[in-house]
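This report describes the architecture of one protein for a reader who is new to structural analysis. Please look at the sequence and the model before reading on.

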Amino acid sequence: MSVVPVVPSPSCEAVRPRPTVAVVGAGAAGALVAIHLCESAARRRIPLDLVLVDPAPEAGRGAAYATEDPELRLNVPVGGMSCYPDDPDHFRRWLCLHGESTVTARDFASRYRYGSYLAGTLGRAVIAAHGTVSVRRLRTRATGCADAADGGLELSLADGATVMAHSVVLATGPAAGRAGWAPAELVASDRFVRHPWTPGALDAVGTSGDVLLVGTGLTAVDLALALDRPGRTVYAVSRDGLLPQAHAVAPLPPVPPPPGLAALPLHLLRREVTRHVAATRRAHGDWRPALDGLRPEIGRLWQGLTDDERAEFLGRDASRWNVHRHRMAPAAAETIARARAADRLRVHAGRVVSATPHEDGGLVVSFADGRELQVAWVVDCTGPGLAADAGGDPLWSGLLTDGLAAAGPLGIGVSTVRGRLLDGRGHRERPLFTLGAPRRGELWETTAIPEIRTQALEITQSVLAGLIGAHGGRGDTDRPAGSGYDFPPAPPGGPSSLIDDAFSVKQ
Ligand SMILES: Cc1cc2nc3c(=O)[nH]c(=O)nc-3n(C[C@H](O)[C@H](O)[C@H](O)COP(=O)(O)OP(=O)(O)OC[C@H]3O[C@@H](n4cnc5c(N)ncnc54)[C@H](O)[C@@H]3O)c2cc1C
């Protein structure tokens with residue numbers, strides 16, 4: 001697909017023949033928004049130009065689904081990863097059609113395959129919407145977003161171009177972590193891997209030399225799996241030294257919590273959740289269905305807390321919540337257990353206080369309790385930053401500075417109402433949306449596909465409602481009864497040129 005020249009100067013964009021929707025970020029969240037926009041706009045015959053802005057080579061992968069390591073599996077079963085909340089079997093059917101004929105909804109597919117699924121579904125949506133929706137993919141970063149004179153928005157791009165858009169969706173994922181825990185000498189060391197999911201970041205770590213992972217969540221689990229080698233010890237430390245729990249091999253259905261939790265203050269909520277978990281364990285022999293039943297409620301429970309209570313939750317409960325809620329696949333848990341039994345993986349509670357270079361090129365890391373560890377590499381697995389501008393992205397810094405965005409509760413993410421950004425004055429008229437991690441302060445649980453796909457649908461409806469108001473189009477939203485999300489062949493002689501390598505499906 002050739003990229004239609006973007007506006008070289010603002011004056012050239014005086015005429016906007018069709019409404020333009022710009023989606024910034026083409027990871028999972030951006031791909032899901034683009035899929036739903038293409039499909040809904042085509043169904044409702046709302047013509048639009050969709051501009052997808054991301055420097056990444058392929059759409060749909062982002063940080064999570066770019067790894068080609070087949071050992072790295074999804075941490076949500078196949079049945080929870082469909083693009084369509086109302087068609088949970090869609091991903092499983094795609095896997096069946098693409099070489100995994102025996103896959104079940106309970107299996108854990110490879111992360112790379114999931115990226116291929118998103119890219120493939122997007123490619124099909126683009127083809128099917130051809131004639132109504134035109135899609136441009138711009139491989140660059142968005143560096144700024146400002147009000148346009150006509151009520152739309154003007155995106156500035158790193159290559160100097162601008163995009164004028166009727167609506168903008170910021171699907172930029174989590175902000176990079178600041179490694180605020182790391183002592184200055186560690187940050188300065190070339191033996192410190194600060195962003196392990198940046199492509200190629202782990203290449204230098206190679207196959208020998210001990211490694212210290214700081215953080216013991218799912219990122220640490222992935223890296224422990226990826227870096228595990230005979231003759232190497234991988235250490236993982238965090239404040240509490242707790243690894244994520246494992247998914248059940250044969251999961252039970254979610255058990256909904258008792259009603260009325262949203263009205264409770266934190267101390268009573270904690271008590272009721274503990275009771276719910278204990279009752280579920282007694283009745284079903286497993287605590288997991290209790291947490292799975294709570295999951296759809298989390299946004300409402302979080303919103304019912306005061307800021308002080310949220311801060312208390314972060315200090316006292318979040319770590320325990322995370323290890324039970326963000327679980328690893330059973331196969332990953334088995335490999336981790338084997339590595340621990342063989343002493344190739346050691347997990348500790350601890351806090352890094354200093355790191356000094358060792359004469360053999362590695363680092364000697366000191367912990368608050370006086371222990372020392374000599375390792376070849378230290379990898380930051382503490383996860384993303386909480387503030388929207390934590391990673392220093394000029395797009396988010398500019399939005400916050402210019403008052404088009406406002407920090408979310410406790411400074412986490414940004415404030416939104418149903419995904420629409422609140423500005424510094426609390427107004428929400430701008431057609432500016434976000435989803436996923438930037439909504440964490442508002443929703444707490446918002447970074448996994450089951451939440452992101454629902455948000456993508458909600459944003460699609462809001463964006464298209466705005467376009468209908470401004471430009472016309474059919475207002476009916478319902479899919480014809482009985483129609484599923486199948487995998488029709490591309491139309492013969494159809495617009496295959498629409499599918500450039502951005503949407504190609506590497507399996
Ligand atoms: C290692 C890992 C494994 C995971 N596994 C699972 C799982 O199994 N199941 C699950 O449900 N969730 C999983 N997650 C959670 C994951 O966060 C979501 O599933 C999802 O991938 C988030 O997608 P995203 O598009 O919001 O963010 P990202 O994947 O971070 O994508 C954001 C994209 O935006 C682009 N971007 C950022 N800023 C700009 C800018 N200024 N201009 C242009 N482009 C920009 C980036 O280049 C990137 O491509 C995992 C997360 C990680 C890190």
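Two strands are said to pair if DSSP finds at least two bridges between them. Helices (H or I, at least four residues) and strands (E, at least two) are themselves DSSP runs, numbered from the N terminus. The model is a predicted one, in which local features need pLDDT of at least 70 and side-chain atom pairs count only at pLDDT 80 or more, while totals for chains, interfaces and linings use all residues. Residues are numbered from 1 along each chain as its sequence is written, and side-chain values use heavy atoms, with hydrogens and water left out.

**Overall picture**

The protein contains 14 helices and 18 strands. Of its 507 residues, 52% count as buried; buried means under 20% relative accessible area, exposed means over 50%, and partly exposed lies in between (1.4 Å probe, protein chains only). The exposed surface comes to about 21900 Å², of which carbon and sulfur atoms supply 54%. Such areas come from the Shrake-Rupley method with a 1.4 Å probe, and for residues only the protein chains shown count as cover. A contact means heavy atoms within 4.5 Å. Among the contacts with a separation of 6 or more, 70% are accounted for by residues 24 or more positions apart.

**Paired strands**

Strand 5 (residues 153-157) and strand 6 run antiparallel and are joined by four bridges. Within this pair, Glu-154 stands opposite Met-164 of strand 6. The hairpin formed by the two strands has four residues between them, and Gly-160 takes a positive phi near 95° there. In strand 6 (residues 162-165), Thr-162 and Met-164 point one way, Val-163 and Ala-165 point the other way, and all are buried.

In what sense do strand 9 and strand 10 pair? They pair in the parallel sense, over four bridges, with strand 10 covering residues 234-238. Leu-213 has Ala-236 of strand 10 as its bridge partner. From strand 9 (residues 211-214), Val-211 and Leu-213 point one way and Leu-212 and Val-214 the other, and all are buried.

**Helix 2**

Helix 2 spans residues 90-97, and its residues His-90, Phe-91, Trp-94 and Leu-95 are buried. These residues lie on the same side of helix 2 because they cover an arc of only 140° around the axis. The arc is that of the directions from the helix axis to the C-beta atoms. Helix 3 (111-128) is included in what covers the buried residues of helix 2. Just after helix 2, Gly-99 takes a positive phi of about 100°.

**Three loop residues**

The table sets out the accessibility of three residues that lie in loops.

| Residue | Loop | Relative accessibility | Class |
|---|---|---|---|
| Arg-418 | between strand 16 (416-417) and strand 17 (420-421) | 54% | exposed |
| Trp-444 | between helix 13 (440-443) and helix 14 (449-471) | 6% | buried |
| Arg-295 | between helix 7 and helix 8 | 18% | buried |

Arg-418 has a positive phi of about 50° although it is not a glycine. Trp-444 is not a glycine either, and its positive phi is about 70°. Arg-295 touches Arg-325, Ala-448, Pro-450 and Glu-451, when residues up to four places away in sequence are not counted.

**Cavity and pocket**

Rolling a probe the size of a water molecule over the atoms shows where empty space is left. On a 1 Å grid over the protein atoms alone, a cavity is a set of points where a 1.4 Å probe fits but cannot get out; a pocket is an open set with protein on both sides within 12 Å along at least five of seven lines; and lining residues have an atom within 4 Å of a point. Grid points are joined across faces, edges and corners, and a volume is the space filled by probe spheres set on the points.

By this rule there is one cavity of 30 Å³ or more. The largest cavity has a volume of about 80 Å³. Its lining includes Glu-71, Arg-73, Asp-222 and Met-328. Helix 5 (residues 218-227) gives the most to this lining, with four residues.

The second largest pocket has a volume of about 570 Å³. It is lined by 21 residues, of which Val-273, Leu-294, Phe-313, Arg-320 and Trp-321 lie nearest its centre. Which helix gives the most to the lining of this second largest pocket? Helix 6 does, with seven residues. Helix 6 (266-284), helix 7 (288-294), helix 8 (298-303) and helix 10 (318-325) each supply at least two residues of the lining.
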